[in-house]
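Trainee: I should like to discuss how this protein is packed. May we go through the model step by step?

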Amino acid sequence: YFRNLMLDNLVQNLIKIKRDFAKNYSGSAHIQEVIPSQISDDFPIDENHLKQLHNFAETNPIYFNSFEENILGISCMVYEGDINDYWLNSIKHGSSCQPFYPTWIMSAYVMTSIAKKLGYSELIDIGSGDGRIAFCGNFLDFTSYSLEIDESLVELQNTISVKTNQNFNPKCEDALEFDYSELNLSTPVFFIGGLPQMGGEFLATSIIEKLNLNTNLKKNTGIVFAGTNTKRQLSGNLSDGGWSSLIETHQLDVIDTVSLPTVWTFDQHIETPYIFTKFK
């Protein structure tokens, strides 16, 4: 594992804060998440990066309220939102693999930072929702592309892109049909937005088959999968967050796994595992 101590500590502290916050949360918002208000020993991240994360939440119309709260001695901003309309819109597409449920903004930042440390230069977020992973990639100096099939979510991304002055290339595209060769990729990392048993496997297989046609590109490509640790959601194998059979079939190497808070694990005592892989 190449991940440095600083990132490891940040992940642990983020999980601690999330669990404490979830346990004591008395609001009734549909979704809620936390971003530290300032940098500290617990969250030693670049000040400008932290400002960008708050900027994303403040300009994102899914959040309707925010307030400051002290959680475990750390001053944080809590953002409350509602994704019901987007959720309903996002399930009406025939090849949509999963309704819109975002990861946390802080989690998106951690994931993209790890991908950066791994040396990738382009980031392609597949099924990108409101574009938070591609957004983080953009200010971390990736060339970011954000592919989302739902036009109302792409509109939302365009709004955020303009208001934050971060162009993360939102594209309203069906990832299954899209021609990736037009992006002229050299060392890309693909983030697959979809759990394995909710169509994510179908999406990932389609991307891998496209990459198989380009052996030069393939050897420099990383793929990050969102997994799950809950038996309820997975009838099959839980190893590698439910992705183990796809990883085996397509001969991928797991280089790292990091568990992070997401909207869909807010009320659970476990987080969402993100599995970083590359072709053998």
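Mentor: Let us begin with a term: a contact means heavy atoms within 4.5 Å. Please keep in mind that this is a predicted model.

Trainee: Among contacts between residues at least 6 apart in sequence, what percentage join residues at least 24 apart?

Mentor: The set considered holds contacts in the protein between residues at least 6 apart in sequence. Within that set, the share joining residues at least 24 apart is 69%.

Trainee: The protein has nine helices and 10 strands. Why is it described as being as compact as a globular protein of its length?

Mentor: For 280 residues, the globule rule gives 19 Å. The radius of gyration is close to that value, so the protein is as compact as a globular protein of that length. The radius of gyration itself is 18 Å.

Trainee: What percentage of the residues count as buried?

Mentor: A residue is buried when its relative accessible area is under 20%. Of the 280 residues of the protein, the share that counts as buried is 56%.

Trainee: Which helix gives the most to the largest nonpolar core?

Mentor: The largest nonpolar core has 62 residues, and Leu53 and Tyr274 have the most contacts inside it. The helix that gives the most to this core supplies eight residues, numbered 105-117 along its length, and is α4.

Trainee: Which residues does Leu53 touch, leaving out those up to four places away in sequence?

Mentor: Two of its partners, Ile105 and Met106, are touched along with Tyr109. The others named are Ile35, Ile45, Cys136 and Phe139.

Technical notes
Residues numbered from 1 in each chain as written. Predicted model: local features only at pLDDT ≥ 70, side-chain atom pairs only at ≥ 80, totals over all residues. Heavy atoms only, no water. Helix = DSSP H or I, 4+ residues; strand = E, 2+ residues; numbered from the N terminus. Rg over C-alpha atoms; globule rule 2.2 N^0.38 Å. Buried < 20%, exposed > 50% of the residue type's maximum accessible area, 1.4 Å probe, protein only. Core = buried A, V, L, I, M, F, W, Y, C linked by side-chain atoms within 4.5 Å.
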